[in-house]
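Morning, everyone. I have a few minutes and one structure to walk through. Let's put it on the screen.

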Amino acid sequence: MPAEVRRRSMVGRFPDVTLRWDEPEEEKKEDKQEGACKRWFRKMCPCCCRKASDEHDGTATVVTGPTDNGGEKPPTAGHKLDEFLLSVHSVDLLKSKTGPNRVEHHTDRYHGDNLIIRRGQTFQMWIELSRPFDPTADKLHLELRLGPTPILSKGTLVIIPLVEDLQDNCWEAKITENKGNKIKLSVNSLPTAVIGRYELTVATQTPKGNTTSPRNPVNDIYMLFNPWCEDDSVYMDNEDERNEYVLNDMGMIYYGTDSQIGARTWNFGQFADGILATCLFVLEQSRTPPSGWGDPVNVSRVVSAMVNSPDDQGVLEGNWSGNYVGGTSPTAWSGSVDILKQYQKNKGSPVKYGQCWVFSGVTTTVLRCLGIPSRSVTNFSSAHDTDVSLTTDVYLDEKMEPIEELNADSVWNFHVWNDCWMSRPDLPAGMGGWQVVDATPQETSQGSYCCGPASVAAIRNGQVYLKYDAPFVFAEVNSDKIYWQRNANGTFTQIYCEKNVVGRSISTKAVGSDEREDITHLYKHPEGSEEERIAVETASRYGSKPDTYTIAGSKDVTVEVSMEGQGPHMGEDAELSIVLKNTSSELRSTVLHSQVAVMYYTGVHKATVKKDDVVVELKPNEVKTLEWTLQYAHYKDQLVDQAALMLTLAGRVTQTNQVLATQFNFRLRTPDIRITPLGDTVVGKEMAAKFVFKNPLPRVLKNVKFRIEGLGLQNVREIAYGDVASDATVTMTEKFIPTLPGPRKLLASLDCQQLTQVHGVADIVVKEK
């Protein structure tokens with residue numbers, strides 16, 4: 001009969017498990033001493049009624065063909081098994097971090113004792129057998145199983161045969177060394193293989209019967225995407241970029257406004273102990289079939305859904321209320337490791353709380369850990385289009401004041417999402433490369449809170465009809481802001497179209513340094529260029545308001561808002577300049593209406609704190625600057641996270657009816673935590689660091705907490721400090737023992753209700769012992 005492959009869990013279920021050699025004489029004598037009933041029962045079911053001498057070590061499942069003696073199954077001594085069958089005594093996957101498997105697969109930095117490899121690349125292993133392997137009579141193959149119901153046709157059950165010569169693009173193994181009872185195999189994997197944790201067993205076939213080794217968890221194999229393999233759809237050909245977007249476990253995330261860009265260091269920690277298992281746990285929690293985990297388009301989409309939690313019990317619960325009781329303030333996190341570990345420890349219960357940069361940081365960690373090149377990207381003045389119009393609509397009343405209840409569209413001061421790198425065989429040629437995925441829950445996509453992957457190339461050219469979620473992303477980076485004024489009869493008339501206000505200074509960390517790289521040019525053509533306008537018009541044809549664009553008219557007066565330096569500090573008055581310019585040869589006049597509102601960084605209005613009306617007269621070709629001041633007393637009791645404010649200006653030129661309108665976002669700068677390393681920095685030797693923070697506010701900070709962490713330096717530690725008096729300085733010294741050598745970053749953040757987005761970082765070079 002043909003050879004059968006059965007798992008150890010099947011032992012005892014099949015009646016044709018038998019051994020086909022004669023009984024030793026001494027066992028026949030023992031049989032004579034048994035009762036007739038017991039002998040009959042042993043013949044009927046030898047699996048259930050064995051003699052002590054029948055027991056063997058259970059290291060293999062044994063399957064042989066039917067007997068030729070009428071179906072009787074004579075018992076036999078266990079030592080005869082090794083003489084005829086070929087069983088597996090041990091498997092050595094050569095999984096040392098310094099060995100060729102881990103080093104050549106660029107997985108030597110992952111903490112963990114299992115073999116971690118990348119698909120589409122050869123790996124080595126040794127198998128110790130019960131006797132020498134005879135290639136003329138013996139057969140052997142490997143079996144890999146992934147997920148709860150492995151299926152051959154789905155790629156979750158893999159049979160790896162022995163071959164004479166290895167070929168590309170298939171699962172196969174070749175014997176490269178044969179030493180006594182040991183054989184060394186070189187194993188190839190498919191570059192499209194499903195990623196995940198595979199269970200390994202070894203099956204052998206001989207003329208006398210078949211065996212399958214039992215599964216041993218220490219021999220499970222982790223398979224990852226492979227940006228170093230040209231046939232993998234995540235292949236990236238630049239080594240510096242691979243080092244940055246796959247192997248760098250630290251990064252920078254940007255926040256603030258496009259005129260006040262702030263940066264904070266983020267600990268991605270994709271190689272930290274237990275994080276790979278946790279990332280696969282995230283995929284498992286999605287309840288998506290593992291057969292789809294070989295496609296990075298599918299995996300990145302699943303990750304974007306699972307990092308948030310409104311509809312699928314994902315990793316993070318979002319919270320923009322300012323009230324973070326029962327969880328951690330989003331501004332207090334400095335890395336992803338603690339978040340992911342909490343998620344798995346709590347068996348899939350969402351961690352509290354996250355906002356966009358936290359969602360993005362965790363997404364970068366998960367994607368890099370699985371082998372997909374990824375980076376966190378910040379878009380300043382990021383539009384949130386709620387009606388698929390591909391415009392950002394601002395509604396004003398008859399007095400040119402905003403109608404807040406109608407202004408559902410918003411422009412976030414900044415928004416952080418992710419780029420991930422892959423080919424897109426599901427889209428037209430040229431759409432591969434960087435793809436946008438966004439884990440922040442904003443709008444649903446096909447019924448789920450996820451976004452992307454959307455081709456950056458498609459976004460740049462306005463090809464919003466290409467999946468996934470391209471219209472939403474396009475509006476975030478390149479929508480026009482349309483102003484509408486309410487008429488006396490309740491209808492609205494379009495009065496102004498403001499361009500070049502959405503999608504500013506799109507930023508990511510530069511390759512190989514901590515500098516900021518502006519990648520706006522990847523997302524859109526130069527503002528105002530013919531190519532950019534064509535992209536906008538192309539996209540608008542697929543929106544809900546394709547005929548929105550403004551009417552032509554006289555535009556000889558302009559208004560702009562500017563700010564000196566890096567902007568005002570928290571606790572001080574905020575000063576801005578309003579510059580009006582008349583480019584005509586005639587007198588121009590207007591009443592300029594201004595109001596400043598405290599905003600959530602998402603662009604959602606919280607409270608208006610000041611309003612003004614100013615009569616302005618401009619002589620021919622005159623440029624006039626108005627100084628504008630917001631006193632601390634106006635905003636001190638209204639600020640929310642990110643200390644964001646927005647100044648709205650609107651007016652109409654008396655002589656020409658030209659509408660003047662603009663909005664200017666700015667933030668109040670917060671102080672840094674200064675970190676100074678003390679003493680020698682040597683692996684295994686205690687060292688210290690000094691942390692200094694000064695309260696910039698003329699008020700007490702209540703219930704202040706500090707969080708400190710650093711890869712290879714210090715696990716996440718939370719320090720409940722208590723109250724900090726007005727203008728007081730806090731100085732702390734903390735001790736820790738470095739565990740890893742090389743350049744390291746020590747991070748600190750402050751968490752309290754009255755002051756957020758306070759953090760600090762120190763670079764530390766740790767020496768070997």
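One definition before we start: a residue counts as buried when its relative accessible area is under 20%, and as exposed when that area is over 50%. Keep in mind that this is a predicted model.

Let's apply that cut-off straight away. Is D220 buried or exposed? D220 has 0% relative accessibility, so D220 counts as buried. D220 sits in a loop, the one between β10 and β11 (221-224). Its side chain has a polar partner: the side chain of R197, at 3.0 Å. Set aside the neighbours within four places in sequence, and D220 still touches N114, L115, R197, Y198, E199, L200 and R215.

Now the strand ahead of that loop. β10 covers residues 209-212. Both of its faces are covered. G209 and T211 are buried on one side, N210 and T212 on the other. β10 pairs with β9 (residues 196-206), antiparallel, over 4 bridges. One pair to look for: A203 has T212 as its bridge partner. β9 and β10 form a hairpin, with 2 residues between them.

Step back for the overall numbers. The protein has 769 residues, and 55% of them are buried. There are 14 helices and 38 strands. Take the contacts with a separation of 6 or more: residues 24 or more positions apart account for 68% of them. The exposed surface is about 32600 Å², with 49% of it supplied by carbon and sulfur atoms.

On to the sheets. First up is an open sheet of 6 strands. The order is β20-β19-β18-β16-β23-β24, with antiparallel pairing. Which strands stand at the edges? β20 (454-455) and β24 (516-518) do; each has a single partner strand, so one side of each is left without a neighbour in the sheet. Inside the sheet, β18 (residues 410-422) and β19 (residues 433-437) share 5 bridges, in the antiparallel sense. C420 has its bridge partner, Q435, in β19. Helix α9 (residues 356-370) packs on this sheet and touches β16 (374-384), β18 and β19. The direction of α9 makes about 0 degrees with that of β18. Helix α11 (residues 470-478) lies across β16, β18, β19, β20 and β23 (504-509). Against β16, α11 runs at about 70 degrees.

Another helix belongs in this part of the picture. In α5 (residues 239-247), the buried residues are R242, E244, Y245, V246 and L247. Their cover includes β3 (115-118), α9, β16, β19, β23 and β24. The N-terminal end of α5 is capped by N238. A side-chain oxygen of N238 lies 2.9 Å from the backbone nitrogen of D240.

Next sheet. This open one has 4 strands, in the order β35-β34-β37-β38, again with antiparallel pairing. β35 (714-724) and β38 (758-766) are the edge strands; each has a single partner, so one side of each has no neighbour in the sheet. Neighbouring strands here are turned by 15 degrees against each other on average, direction ignored. β34 (residues 701-710) is joined to β35 by 7 bridges. F706 stands opposite I719 there.

What about disulfides? How many does a search of the whole structure find? The search finds 0. Take C450: the closest cysteine sulfur, in C451, is 7.5 Å away, so it is too far for a bond. The cut-off for a disulfide is 2.5 Å between sulfurs. C450 is buried, with a relative accessible area of 7%. C451 is buried as well, at 6%.

Last topic: backbone geometry. A cis peptide bond joins K352 and Y353, with omega about 5 degrees. Y353 is in strand β15 (residues 351-354). A cis peptide bond also joins G452 and P453, with omega about 5 degrees. P453 lies in the loop between β19 and β20.

Then there are positive phi values outside glycine. L94 has phi near 50 degrees. L94 is in the loop between β2 (88-92) and α4 (100-104). L94 is partly exposed, at 22% relative accessible area. N657 has phi near 65 degrees. N657 lies in the loop between β30 (644-652) and β31 (659-667). N657 is exposed, at 51%.

That's the tour. Over to you.

Definitions and conventions: Residues are numbered from 1 along each chain as its sequence is written. This is a predicted model: local features need pLDDT of at least 70, side-chain atom pairs count only at pLDDT 80 or more; totals for chains, interfaces and linings use all residues. Side-chain values use heavy atoms; hydrogens and water are left out. Two strands pair if DSSP finds at least two bridges between them. Axes are lines fitted to C-alpha atoms, for helices over the stretch in contact, and angles run from 0 to 180 degrees between N-to-C directions. Contact means heavy atoms within 4.5 Å. Buried means under 20% relative accessible area, exposed over 50%, partly exposed in between (1.4 Å probe, protein chains only). A polar contact is a pair of N or O atoms within 3.5 Å; within protein, one must be able to donate a hydrogen and the other to accept it, and residues adjacent in sequence count only if both atoms are side-chain atoms. Accessible areas come from the Shrake-Rupley method with a 1.4 Å probe; for residues, only the protein chains shown count as cover.
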